[in-house]
Structure formats: structure tokens, C-alpha cells
Amino acid sequence: MSVGPGLIGLGPEEWQAVLLSLKVAAVATLASLPPGLAVAWLLARRRFPGRALLDGVVHLPLILPPVVTGYLLLLAFGRRGVFGAALAEAGIVFAFRWTGAALACAVMGFPLMVRAMRLSLEAVDRRLEQAAGSLGAPPLMVFLTVTLPLSLPGCLAGAVLAFAKAMGEFGATITFVSNIPGETQTLPSAIYTLTQVPGGEGAALSLTLVSVALSITALLVSEALAARAGRRLEAE
């Protein structure tokens, strides 16, 4: 990895890691939104056999060591994994690819997204949904026009939390897809590599500052979106 000077002390390889992290985090967050919302709705609104088990599986990445999660992903989606072998024959490869990094980040951020969405859905007044249903609106229309808009601030907060988690994910990612510059070397991996290279401390510090700035920006954007959604709901 380059340790030469660049903008704020970073070289091309370091900026490549920053851009790859943004790409991986964005893909992981967007891919998690539909299943995250569906699981959050199930846990918030339905009682069914196995609900506690589903809740536990969803939150498992929060309590497992990230390296264990990464290893389980490797066993499942590696080229010779349970699902990876069949996917590889279809041309879909996750192991040691940036797509695998996105998968690992999505898995690690999924519990945070689901929890925020679930709490927001549980806070919606069920009487409003019942009123819409009594007027003849089908369940899907009630969800799209009543439930989702009222829970939007929490859903946005969950998405931003998942994005921030993806930006900082290290253990599961490096175990599943390794640390390949230009392919799987994300921001945390680049910082780790620079701390092992003589003379890389300056670039590592610069990347750390970039990471802090991106995290603060994500939080500010989350607050702004949530506040805007809240004002819109109050106006309606």
C-alpha cells in the first residue's frame, strides 16, 4: 500500500479504499432495505411459531464475534460452500470479491436496521391503520399510505445505522473476502494495513479522520432526514 503523500496525506490506493467502502456500504444498505423492512414488520405485527427464533437469528451478528460471522459466510458462500458452489456455477461469486464485502457488511448491519425499523413500526397507532382498513383500503395500501409514512423516520435511521456499520465493518469482511487492494480492501482494512507498514502512520491517521468525518456526516444526514420526515407528518 502506498504511503506517499496525496490529498490530506493520502495516495491513490488509500482513496481507492475510501471509494470502495462507500460503494460497499451503499450496496449493502440498499440490498438490506426490503428484507429488513419485511422482517421488522413481521416481528412488530405478527405472532407466529418460531418468532423468538427468528428474532434471535436476526440479532445473532450483534453478539457473535465478527470473525465467526465471516467464517460462517465463507462456509456458506465460499466457492465450495453450501450455497457458494451452486452460485459460482451460475456466475455469482462472493468470496474474495467486493460483492462479498457488501454481503458481509449487510449481514453485520442488518440487526441494527431491523431493530430501528421494528421500534418505529411498533410506535405507529394501530387505530389509524384500522380506520384506513375500515374505509376499504387493502392491507398493502394501508401499509404504503399509513404505516410506512408514519414509521419513515425510524426506517431512515435504521438505514443510516446500517450504512455507518458497513463503513466500519472489519472482522467479518477480512475473514470472508480477505484484504485485497482495489477489490476488497475497505477503509478499516486499509487503516489496519497502514499500521503494519513502516512510515504508514500518517496515512493511517488521515484515513481515520476521513472515517470519522464520514460517520459524523452520516449521523447528521440521518437527523436531518428524520426531522424533515417528522415535520412533513406533522404538516399532514
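UniProt positions are given here in the numbering used for this chain, feature names are shortened, and an annotation may be inferred rather than shown by experiment. Keep that in mind for the first view, and remember that the whole model is predicted.

**View 1. The annotated domain, residues 18–220.**
An unreviewed UniProt entry puts the feature "domain: ABC transmembrane type-1" on this stretch. Helix makes up 78% of the span, while strand makes up 0%. Follow the chain from residue 18 to residue 220, and the C-alpha atoms at the two ends turn out to lie 19 Å apart.

**View 2. Glu129 and Arg45, a salt bridge between two helices.**
Opposite charges can pair up when the charged atoms of their side chains come close. Here the closest N and O atoms of Glu129 and Arg45 are 2.6 Å apart. Glu129 sits in helix α6 (residues 126–134) and Arg45 in helix α1 (residues 12–45), so this pair ties together parts that are 84 residues apart in sequence. Both partners are buried. Look for Arg126 as well: Arg45, Arg126 and Glu129 are linked in a network of salt bridges. Across the structure, the count of salt bridges is 5.

**View 3. Glu122 and Arg118, a pair within helix α5.**
This salt bridge has its closest N and O atoms 3.2 Å apart. How many residues separate Glu122 and Arg118 in the helix? They are 4 residues apart in α5 (residues 98–122), so about one helical turn lies between them. Their surroundings are worth a look too. Arg118 is buried, with 15% relative accessible area, whereas Glu122 is partly exposed at 39%.

**View 4. Arg127 and Asp125, joined by a salt bridge.**
The N-to-O distance for these two side chains is 3.0 Å. Is Arg127 buried or exposed? With 62% relative accessibility, Arg127 counts as exposed, because the cut-off for that label is over 50%. Asp125 comes out at 30%, which makes it partly exposed.

**View 5. A nonpolar patch on the surface.**
Val68, Tyr71, Leu72 and Leu75 make up this patch of about 350 Å². Val68 belongs to helix α3 (residues 66–77). With a relative accessibility of 34%, Val68 counts as partly exposed.

**View 6. Helix α9, mostly covered.**
Of the 9 residues in this helix (residues 187–195), 7 are buried. Which ones are the buried residues of α9? They are Leu187, Pro188, Ser189, Ala190, Ile191, Thr193 and Leu194. Take Ile191, a residue of helix α9: its relative accessible area is 19%, so it falls under the 20% cut-off and gets the label buried. For a sense of scale, pick out Leu42, which is 149 residues from Ile191 along the chain; the C-alpha atoms of these two are separated by 39 Å.

**View 7. The largest cavity and its lining.**
There is 1 cavity of 30 Å³ or more, and the largest cavity has a volume of about 40 Å³. Its lining consists of Ser21, Val24, Cys105, Ala166, Met167, Glu169, Thr173, Thr186 and Pro188. Helices α1 and α7 (139–168) each supply at least two of these lining residues. You've met Pro188 already, as one of the buried residues of α9.

Conventions: Residues are numbered from 1 along each chain as its sequence is written. This is a predicted model: local features need pLDDT of at least 70, side-chain atom pairs count only at pLDDT 80 or more; totals for chains, interfaces and linings use all residues. Side-chain values use heavy atoms; hydrogens and water are left out. A salt bridge is a side-chain nitrogen of Lys or Arg within 4 Å of a carboxyl oxygen of Asp or Glu. Buried means under 20% relative accessible area, exposed over 50%, partly exposed in between (1.4 Å probe, protein chains only). Patches are made of residues with over 30% relative accessible area and no salt bridge: like charges are joined within 9 Å, nonpolar side chains (Val, Leu, Ile, Met, Phe, Trp, Tyr) within 5 Å. Accessible areas come from the Shrake-Rupley method with a 1.4 Å probe; for residues, only the protein chains shown count as cover. On a 1 Å grid over the protein atoms alone, a cavity is a set of points where a 1.4 Å probe fits but cannot get out, and a pocket is an open set with protein on both sides within 12 Å along at least five of seven lines; lining residues have an atom within 4 Å of a point. Grid points are joined across faces, edges and corners, and a volume is the space filled by probe spheres set on the points.
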